[in-house]
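Reader: I am new to this one, could you walk me through its inside?
Author: Gladly, let us have it in front of us before we begin.

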Amino acid sequence: MSTAAAHQHVTDHHQRWQQSLERVRRRVEKVPPFRASGRVVRATGMVIEAVGLAAPLGSACRIELPAPYSHEPPRHAEAQVVGFSGEKLYLMPLAEITGLVPGARVFALSDIGGNGTRRFPLGEALLGRVLDGNGEPLDGLGPLDEVPRGPLQTPPLNPLSRAPIKQQIDVGIRAINALLSVGRGQRMGLFAGSGVGKSVLLGMMARFTRADVIVVGLIGERGREVQDFINDILGPQGRRRAVVVAAPADTSPLQRLQGAAYATRLAEGFRDEGKNVLLIMDSLTRYAMAQREIALAIGEPPATKGYPPSVFAKLPGLVERAGNGKPGGGSITAFYTVLTEGDDQQDPIADSARAILDGHIVLSRELAEAGHYPAIDIEASISRAMTSIVEPDQQQLAQRFKRMFSRYQRNRDLISVGAYSPGHDPQLDEAVQRYPDLEAFLQQGIDDSAPLDTALDQLADVIGAPGTNTQSSTQPTTRKGNR
């Protein structure tokens with residue numbers, strides 16, 4: 001090697017060392033000169049009390065746990081600050097903790113290299129993936145180390161900067177497309193008791209809806225239902241363009257809350273990229289119940305049928321994040337299931353959800369038991385945005401359908417006992433004549449898609465001209481089962 005080459009080699013080597021030392025220096029500068037810690041003084045139920053540490057509400061902490069063996073390093077469990085009283089912090093762990101001892105040290109995440117808030121994976125790399133409430137993969141398809149990350153909370157949109165709901169979205173369900181039209185950016189509730197087919201209806205919409213991206217939040221459901229929804233109901237067709245966030249019933253209430261917020265945050269990220277997103281959350285009631293568990297655990301008094309006031313403050317905070325973005329941007333069309341306990345439509349969560357959503361679709365147990373699927377109760381359901389997104393002709397046909405259907409239902413008992421005699425009420429005569437076609441129109445098979453144009457043509461065929469007996473092309477469909 002020549003003298004010049006040797007000199008250049010030494011120079012390059014020296015520069016590389018300087019660059020390495022500079023990177024180390026920058027990392028060292030970020031490390032705080034000291035690390036404050038608190039200690040655990042009490043653990044009751046789901047709440048851990050700590051003193052000696054100042055951390056803001058909602059920030060993340062790590063609790064040091066003793067190692068099972070003396071030669072191993074200490075373990076850590078993550079927790080979140082859910083409340084405080086004086087100098088005492090109330091922490092709730094993200095998962096069940098084993099081995100917690102009195103006096104265990106507690107560190108704020110901001111003091112160990114973070115900024116106090118947890119960051120979650122976001123973006124298109126998550127399409128086709130199944131994640132838990134912490135943003136960790138559940139599908140065994142590899143880690144998400146290289147995926148962009150961000151916090152759960154985003155600044156709220158100015159309500160005056162949102163684009164209005166003006167365009168109808170095709171959800172592939174005949175009864176909804178024709179009679180309960182949903183606009184792009186609308187937030188709808190699916191109100192139902194257990195076992196009347198709401199998960200199946202959600203899966204049909206996930207497969208048939210024309211949207212760029214689907215985000216599914218399975219919050220507080222049974223673990224078996226999570227796998228059934230992904231494999232049997234959503235299917236490969238829906239999963240390819242979907243991200244599923246699953247926080248089943250056996251996870252902590254904090255994870256269930258976090259799972260709902262994470263699903264919404266994913267939808268917001270896609271909306272900010274200009275995409276039209278379908279957000280499906282099953283269920284809003286389990287989200288409210290998780291908040292109730294947390295609130296009661298930290299001592300908040302119950303107010304309405306066992307629900308503390310913070311529950312009713314959390315619901316609009318979650319729902320209002322969905323909807324349209326700025327004009328010319330993306331949108332989030334959201335469907336939230338609301339579990340009506342005992343089929344009580346006046347349940348406090350159902351009543352609160354009905355007030356903050358843009359419409360509600362009620363599923364009837366009576367219809368489900370009669371083999372009528374989807375079991376949509378047309379008379380009890382409404383879309384508040386329908387008048388501003390459909391043509392007057394469709395609005396008139398839908399109103400005529402509902403009037404005819406309702407007139408038959410009001411006289412159903414008289415008809416069934418033979419007390420009805422034709423010729424006295426022309427409108428009732430027409431309703432009786434057309435009722436089989438009306439009922440067939442409202443039924444649809446789990447694998448049958450009803451595009452918007454087809455649904456409107458079938459609605460016109462079913463209603464027809466007054467006094468004619470039009471045979472509908474729709475036929476009652478026998479469902480394979482419900483979930």
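**Inside the model**

Author: To begin with the cavity, and bearing in mind that this is a predicted model, the lining of the largest cavity is made up by class of five charged, four nonpolar and one polar residue.

Reader: Which residues lie nearest the centre of the largest cavity?
Author: Of the 10 residues that line the largest cavity, those nearest its centre are Ser199, Glu225, Val226, Phe229 and Asp282.

Reader: And which helix gives the most to that lining?
Author: That is helix H4, residues 223–239, which contributes five residues to the lining of the largest cavity.

Reader: How much space lies in the largest cavity, then?
Author: The largest cavity holds about 70 Å³ of space, and a search of the whole structure for cavities of 30 Å³ or more finds one.

Reader: Changing topic, which residues of the largest nonpolar core touch the most other members?
Author: That core has 61 residues, and the ones touching the most other members are Ile176, Leu179, Met205, Phe335, Ile361, Ile376 and Phe401. Helix H3, residues 198–208, supplies the largest share of this core, with seven residues, and at least three residues come from each of domain 2 (119–390) and domain 3 (395–463).

Reader: What is Ile176 in contact with, leaving aside its neighbours within four places in sequence?
Author: With those neighbours set aside, Ile176 is in contact with Val171, Ser181, Val182, Met205, Ile361 and Ile376. Apart from the core just described there is another, of 53 residues, including Val243, Tyr307, Leu315 and Ala334.

Conventions. Residues are numbered from 1 along each chain as its sequence is written. This is a predicted model: local features need pLDDT of at least 70, side-chain atom pairs count only at pLDDT 80 or more; totals for chains, interfaces and linings use all residues. Side-chain values use heavy atoms; hydrogens and water are left out. A nonpolar core is a set of buried Ala, Val, Leu, Ile, Met, Phe, Trp, Tyr and Cys residues joined through side-chain atoms within 4.5 Å. Buried means under 20% relative accessible area, exposed over 50%, partly exposed in between (1.4 Å probe, protein chains only). Helices (H or I, at least four residues) and strands (E, at least two) are DSSP runs, numbered from the N terminus. Domain bounds come from an automatic or database domain assignment. Contact means heavy atoms within 4.5 Å. On a 1 Å grid over the protein atoms alone, a cavity is a set of points where a 1.4 Å probe fits but cannot get out, and a pocket is an open set with protein on both sides within 12 Å along at least five of seven lines; lining residues have an atom within 4 Å of a point. Grid points are joined across faces, edges and corners, and a volume is the space filled by probe spheres set on the points. Ala, Val, Leu, Ile, Met, Phe, Trp, Tyr, Cys and Pro count as nonpolar, Asp, Glu, Lys and Arg as charged, and the others, Gly among them, as polar.
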